[in-house]
Amino acid sequence: ELNKKLFKVFGKVKAEYPALATIVSGGQTGADMAGVIAGKALGLNVDVHLPAGFVQRDVNRQDYKNTQAGIEKQIADNAKDTDKLKQLQSLLKSLG
C-alpha cells in the first residue's frame with residue numbers, strides 16, 4: 001500500500017518536474033524502501049545508502065542484517081512484480 005502511495009506522489013512530482021531523475025534513500029525502513037521501489041517503478045535512478053551491514057528494520061521494529069544482493073532483489077522483485085507494477089502504472093495513468 002505504501003509503495004502505491006509513494007508511486008502516486010512521485011508520479012505527480014515527476015509530471016510537474018520532468019527533470020527529476022534520482023531518488024536518494026536510507027533504505028532502512030518500509031517508507032525508505034517504498035520510495036526506492038516507487039522510484040524504480042517510475043524508471044528513476046535510485047541511490048540507496050544503507051547503514052553498515054545492510055541493516056534494515058522490519059514491521060515489528062526489529063533490526064536485521066541483509067546483503068547487497070538481498071537489497072537489490074528486494075527492490076527488483078517489488079518494482080517488477082507484474083501485478084503490483086500494473087497497479088502502479090494504472091495509478092500513474094489516472095494522474096494524467
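Which residue forms a salt bridge with R57, and how far apart are the closest N and O atoms? Keep that question in mind while you orient yourself in the model, which is a predicted one, and begin with the whole chain before selecting any single side chain.

**The whole chain**

Show the chain as a cartoon and follow the path from the N terminus, along which the elements run α-β-α-β-β-β-α-α, giving four helices and four strands. If you colour by accessibility, buried residues account for 28% of the 96 residues. Of the contacts between residues at least 6 apart in sequence, 53% join residues at least 24 apart.

**Strand 1, helix 2 and strand 2**

Select strand 1 (residues 22-25) together with strand 2 (residues 45-48), and you will find the two paired in the parallel sense over four bridges. Adding helix 2 to the selection completes a right-handed β-α-β unit, made of strand 1, helix 2 and strand 2.

Now restrict the view to strand 1, where I23 and S25 form the covered face while T22 and V24 form the uncovered one. In a regular strand the side chains alternate between the two faces of the sheet.

Stay with S25, a residue of strand 1, whose bridge partner in strand 2 is V48. S25 counts as buried because its relative accessibility is 10%, under the 20% cut-off. The side chain of S25 reaches the backbone nitrogen of G27 at 2.9 Å, and, leaving aside neighbours within four places in sequence, S25 is in contact with D32, V36, D47, V48 and H49.

**The nonpolar cores**

Next, select L6, F7, F10, I23, A34, A38, A41, L42 and L44, the nine residues of the largest nonpolar core. Helix 1 (2-16) and helix 2 (30-41) each supply at least two residues of this core. Centre on L6 and, not counting residues up to four places away in sequence, you will see that L6 touches A31, A34, G35 and A38. Apart from this core lies another, of five residues, among them M33, V36, L50 and I75.

**Q56 in strand 3**

Move to Q56, which has its place in strand 3 (residues 55-57). Is Q56 buried or exposed? With a relative accessibility of 1%, Q56 counts as buried, and the side chain of Q56 is joined to that of N66 by a polar contact of 3.0 Å. If you display the surroundings of Q56, leaving aside neighbours within four places in sequence, the contacts include G27, Q28, M33, L50, Q62, D63, Y64, N66, I71 and Q74.

**The salt bridges**

Finally, return to the opening question by selecting R57 and D63, which form a salt bridge whose closest N and O atoms are 2.6 Å apart. R57 counts as partly exposed because its relative accessibility is 35%, and D63 likewise counts as partly exposed, at 46%.

The count of salt bridges comes to two, and to see the other, select K73 and D77, whose side chains meet with 2.5 Å from N to O. K73 and D77 both lie in helix 3 (residues 68-80), four residues apart, which is about one turn of the helix. D77 is partly exposed, with a relative accessible area of 41%.

Notes
Residues are numbered from 1 along each chain as its sequence is written. This is a predicted model: local features need pLDDT of at least 70, side-chain atom pairs count only at pLDDT 80 or more; totals for chains, interfaces and linings use all residues. Side-chain values use heavy atoms; hydrogens and water are left out. A nonpolar core is a set of buried Ala, Val, Leu, Ile, Met, Phe, Trp, Tyr and Cys residues joined through side-chain atoms within 4.5 Å. Buried means under 20% relative accessible area, exposed over 50%, partly exposed in between (1.4 Å probe, protein chains only). Contact means heavy atoms within 4.5 Å. A salt bridge is a side-chain nitrogen of Lys or Arg within 4 Å of a carboxyl oxygen of Asp or Glu. A polar contact is a pair of N or O atoms within 3.5 Å; within protein, one must be able to donate a hydrogen and the other to accept it, and residues adjacent in sequence count only if both atoms are side-chain atoms. Two strands pair if DSSP finds at least two bridges between them. A crossover is right-handed if, with the strands pointing away from the viewer, the path from the first strand over the helix to the second runs clockwise.
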